[in-house]
Amino acid sequence: MRSWIHHSRGKVLRQAETTRDELGLYEDMLTRQGFEGRDAHLYRRNEPIAWKRAEEGAEAYDFDGEAVEPTDLTQNDGVPLRVLHNPDVSIWVSRRSANMPYSVRNADGDELYFVHEGTGTFYTEFGPIPYEPGDYVLLPKGTTYRIRPAGPENYFLIVESAEELGFADVGPFGRRAPFDPTLLYVPSPALDELGDGRNEDGEWPVRIKSGNEYRSVFYDFDPIDVEGWKGDLFPFKLNVRDYRPIMSDRIHIMPSAYAVFATPSFMVGTLVPRPYETAPDAELVPAVHRNMEYDEFSFIHRGPVMGLDVARASISLVPRGRHHGFPDQAQKELRKNVKPGDRNEMQVFFVDTLRPLPPSPELVDTRRKGEHFFEGGRGPGSDAT
């Protein structure tokens with residue numbers, strides 16, 4: 001049951017997350033269970049993200065996603081690169097530039113592809129799924145598939161879940177919001193006539209991933225040879241343009257309301273374009289906050305972000321317990337420049353995890369030093385070193 005036992009002491013805003021300049025203090029949000037549990041808003045004399053220095057590991061991380069180079073970028077038999085992981089979820093980058101000369105079957109978990117760049121086709125044993133930027137493609141654990149890009153420029157984020165991945169709970173909004181389930185693209189069987197899943201010996205390999213290792217079995221025929229299927233376990237896709245966010249004109253809706261997929265251990269979603277709030281006392285961005293339950297991973301699919309020019313494919317990781325948010329000066333500039341009817345055009349893919357989500361050495365090598373784009377008011381594509 002939601003707690004309605006609230007107290008206030010000292011100088012506070014009676015309606016949190018509205019006009020903060022009214023007090024001449026800085027609002028600081030302390031939360032449990034992401035933004036869904038109990039919380040506290042503290043009103044401080046000093047900006048909590050304006051620390052003098054931070055020890056290694058206490059900072060937020062900015063990475064250059066364009067510098068991540070998995071082997072499938074240059075080798076047709078290459079594989080994605082795992083960039084962050086914990087026991088519940090792994091995040092991989094794939095930049096496949098050519099058709100796969102093998103099929104793959106993941107026995108470790110469900111795979112959710114987010115298409116940042118490129119077009120082509122996922123050939124699955126349930127049927128082909130065409131892909132384009134903004135697609136979520138969910139491949140249930142055990143699905144046999146291969147990818148055929150239409151061109152050499154492709155970029156996928158892959159979320160691998162140890163638990164079965166389902167849709168996030170949207171509460172009382174009904175069955176047609178934030179998207180109608182009939183918008184899901186569900187494949188129909190179609191045999192692959194090009195035969196690009198063969199190796200140099202003419203065999204049809206299937207790489208089976210188990211225990212984070214790959215072992216192959218080989219066929220003299222295409223293992224994707226299904227002519228029919230039925231049931232309630234199948235791959236599908238959903239594009240972010242078909243996601244209609246829940247919005248308010250009077251108060252900023254927190255990022256967790258944009259979750260699309262979830263397990264008990266993490267959530268996945270996309271912050272999508274929407275109009276700015278126009279009520280006179282509405283704040284346009286969340287308060288500076290400390291998420292005490294989740295590590296926050298985000299990926300810039302499209303920008304700008306809240307008026308800031310941020311490089312595409314920028315990757316951010318904010319460990320739990322660490323203050324983050326837009327600096328006060330950036331918030332004032334945004335409020336000053338936004339006019340009625342203006343839109344926030346950002347598309348930011350995010351994964352929030354209950355367990356710590358450490359980056360891989362390969363991702364750490366792409367780290368950009370300097371101000372974090374949600375703290376310093378400049379994009380990580382700047383000259384920060």
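The exercises below deal with aromatic rings in a predicted model.

Local features in this model need pLDDT of at least 70, side-chain atom pairs count only at pLDDT 80 or more, and totals for chains, interfaces and linings use all residues. Residues are numbered from 1 along each chain as its sequence is written, and side-chain values use heavy atoms, with hydrogens and water left out.

**Exercise 1.** Classify the pair formed by Tyr 113 and Phe 156, and find where the two residues lie.

*Solution.* Begin with the rule: rings of Phe, Tyr and Trp (its six-membered ring) pair if their centres lie within 6.5 Å, and planes under 30 degrees apart count as stacked, over 60 as edge-to-face and the rest as tilted. By this rule the count comes to 21 aromatic pairs. For Tyr 113 and Phe 156 the centres are 5.5 Å apart with 85° between the planes, so the pair is edge-to-face. Next, place the residues: Tyr 113 belongs to strand 7 (residues 110–117) and Phe 156 to strand 12 (residues 155–161), 43 residues apart, where strands are DSSP runs (E, at least two residues) numbered from the N terminus.

**Exercise 2.** Decide whether Tyr 113 and Phe 156 are buried or exposed.

*Solution.* Buried means under 20% relative accessible area, exposed over 50%, and partly exposed in between (1.4 Å probe, protein chains only). Tyr 113 has 3% and is therefore buried, and Phe 156, at 0%, counts as buried too.

**Exercise 3.** Describe the pair of Tyr 136 and Phe 261 in the same steps.

*Solution.* With 5.2 Å centre to centre and 70° between the planes, this pair is edge-to-face. The pair links strand 10 (residues 135–139), which holds Tyr 136, to strand 17 (residues 259–262), which holds Phe 261, 125 residues apart. Both Tyr 136 and Phe 261 are buried.

Conventions. Helix = DSSP H or I, 4+ residues; strand = E, 2+ residues; numbered from the N terminus.
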